[in-house]
Amino acid sequence: MAPLEVIQGDITTLTVDVIVNAANSSLAGGGGVDGAIHAAAGPTVLEECRGIIDQEGSCATGSSVVTSAGKLPAKWIVHTVGPIWERHGPADSATLLTNCYTSSLDAASYVGATSIAFSAISTGVYGFPKELAAPIAVSTVATWLQENLGDTTLQDVTLVCFDDDNFRVIRQAVNDLKHRT
Ligand code: ADP
């Protein structure tokens, strides 16, 4: 299995092939990690996002699209639309969050990326409880890697935690997974 790493830091600084943005369905930029990524990447990425929306309409929750990464050290940005906890409810939010991780890995693999770094999708303004999102993120990535080993260019997956709480619960989820396998 490709190494699954957990780090604490700012995803915009990472030199990886793909960073995964917690976007909204209109790819319009916003606050949180989305705002940080667009601020660091520069206006070309937002222009690309507008082009995608013009052609394809708004993005479904759980889906992912790829753009270039502008001024970032990454090569591509995968923009994934996380569930809104209050709107989708616990059961659908769990399914949709799984879809975010899976569709992002599919998209990164499709463009031939070897490394990908995820932000903690939906755990900010979208209100997904961090302790529930963490095991979903970890188990979805681990399952995807197992299922796609041999078919994917991806070799390194990093889960990037900005805040202390996510760093704690995501590391815990990785440890729990190690003890189960
Ligand atoms: P969402 O709307 O999907 O909840 P947010 O951007 O509000 O997205 O939050 C998602 C996660 O991104 C939060 O856990 C937040 O701590 C984290 N985050 C915010 N800024 C950054 C950054 N620069 N790098 C990595 N993660 C970040």
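The following paragraphs lead through the fold, the overall form and the nonpolar cores of this structure.

The model is predicted, with local features requiring pLDDT of at least 70 and side-chain atom pairs counted only at pLDDT 80 or more, while totals for chains, interfaces and linings use all residues. Residues are numbered from 1 along each chain as its sequence is written, and side-chain values use heavy atoms, with hydrogens and water left out.

The protein has 5 helices and 6 strands, taken as DSSP runs (helices H or I, at least four residues; strands E, at least two) numbered from the N terminus, and along the sequence these follow the pattern β-β-α-α-β-β-α-β-α-β-α. Its radius of gyration, taken over C-alpha atoms, is 15 Å, close to the 16 Å that the globule rule gives for 181 residues, so the protein is as compact as a globular protein of that length; the rule is 2.2 Å times the number of residues to the power 0.38.

Of the 181 residues, 50% are buried, meaning under 20% relative accessible area with a 1.4 Å probe and protein chains only. The largest nonpolar core, a set of buried Ala, Val, Leu, Ile, Met, Phe, Trp, Tyr and Cys residues joined through side-chain atoms within 4.5 Å, holds 37 residues, of which I116, F118, V141 and I170 touch the most other members. Elements that each supply at least two residues of this core include β1 (4-8), β5 (115-118) and α5 (164-180), and α4 gives the most, with 9 residues. Beyond its neighbours within four places in sequence, I116 is in contact (heavy atoms within 4.5 Å) with residues including V18, V20, L105 and V157. A second, separate core of 21 residues includes L14, V16, I37 and V45.
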